[in-house]
Amino acid sequence: MRKQLQFATHKMKLSTLLPAFLFITSSTSYPYGWGLPSHNKPVFTLTNITYTSEIIYSTPAHLAVANGRIEFNLTNSAVPYITHCNAESEWLYDFFYGNIVYTCDAPTGEGIAEDASANFTFSKPAGTFEVNQTWSELRQGYDHPAFMLFGTGSGNATMNCETSYWQNTNWTLGQLYSITTENCKPANLTITPTVFPLHK
């Protein structure tokens, strides 16, 4: 009788805990490959990363122009399209410090979900990119998106940059006083993101 009572109590505890466990597991964002449509981890590739900046003084004390620009193409091995990303800043002197999120252009082409998007941050002093992207994948044998996925990752790009400085030694009022430019050779960066399902 005691064994039957213990078994009944144990069974009741399991039936109470099981729905809660199922709720937790069904609402948890799993790493890519755990119950998602593909077991191959996607890769973000940033190609043709270009950085330029220009600082112009119209007088020894007057800043006329200050502008930095970063640009690259983002590919995701899980989707067939390319996303173009770019941003401009007037924040002297490195212009990009990793604290502002910039939205990439809307992707174009086939296989693009309505909610597909990408954004990034960039730190010029560190050469660090953080990239976020949302996309959909098709489940094999189905003709509609099975999952909306969100991937996030970061990495450091090695950027080979050259700075040039010109000064008007015979400057007079109405002329440009100095120009400082920085140009970086195109670079590439590969990032393996952490991916989470947004909804089924």
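Trainee: Which pattern do the disulfides of the protein follow, with bonded cysteines counted along the chain?

Mentor: The model is predicted, so keep that in mind. Counting bonded cysteines along the chain, the disulfides follow the pattern 1-2, 3-4. The count comes to two disulfides. One joins C85 to C104, and another joins C161 to C184.

Trainee: Where do C85 and C104 lie?

Mentor: Place each cysteine in its element. C85 lies in strand β3, and C104 lies in the loop between β4 (102-103) and β5 (117-123), so the pair ties together parts that are 19 residues apart in sequence. The S to S distance is 2.1 Å. The angle about the S-S bond is 95°, and the link is right-handed.

Trainee: Are C85 and C104 buried or exposed?

Mentor: Both C85 and C104 are buried.

Trainee: What is the torsion about the S-S bond of C161 and C184?

Mentor: It is about 100°, so this disulfide is right-handed. The sulfurs of C161 and C184 are 1.9 Å apart. C161 is in strand β8 (residues 161-167) and C184 in strand β9 (residues 178-184), so the bond ties together parts that are 23 residues apart in sequence.

Trainee: How do I read accessibility for C161 and C184?

Mentor: Use the cut-off: buried means under 20% relative accessible area. C161, at 25%, counts as partly exposed. C184 is buried, because its relative accessible area is 9%.

Trainee: Now the interior. How many residues does the largest nonpolar core have?

Mentor: Start with the general idea. In soluble globular proteins, nonpolar side chains tend to be buried together. Here the largest nonpolar core has 33 residues. Those with the most contacts inside it are L46, I49, I70, F120 and F129.

Trainee: Which elements give two or more residues to this core?

Mentor: They are β1 (44-59), β2 (62-76), β3, β5, β6 (128-138), β7 (145-156) and β10 (187-191). β1 gives the most, with five residues.

Trainee: Take F120. What is F120 in contact with, leaving aside its neighbours within four places in sequence?

Mentor: The contacts of F120 include both cysteines of one disulfide, C85 and C104. Among the others are I70, F72, I100, V101, Y102 and V131.

Trainee: And T83: where is T83 found?

Mentor: T83 is found in strand β3 (residues 82-89). T83 is buried, with a relative accessible area of 2%. Again leaving aside neighbours within four places in sequence, its contacts are F72, N73, L74, C104, D105, P107, A118 and Q133. C104 is in contact with T83 and is also in contact with F120.

Methods:
Residues are numbered from 1 along each chain as its sequence is written. This is a predicted model: local features need pLDDT of at least 70, side-chain atom pairs count only at pLDDT 80 or more; totals for chains, interfaces and linings use all residues. Side-chain values use heavy atoms; hydrogens and water are left out. Helices (H or I, at least four residues) and strands (E, at least two) are DSSP runs, numbered from the N terminus. Buried means under 20% relative accessible area, exposed over 50%, partly exposed in between (1.4 Å probe, protein chains only). Contact means heavy atoms within 4.5 Å. A disulfide is a pair of cysteine sulfur atoms within 2.5 Å. A nonpolar core is a set of buried Ala, Val, Leu, Ile, Met, Phe, Trp, Tyr and Cys residues joined through side-chain atoms within 4.5 Å.
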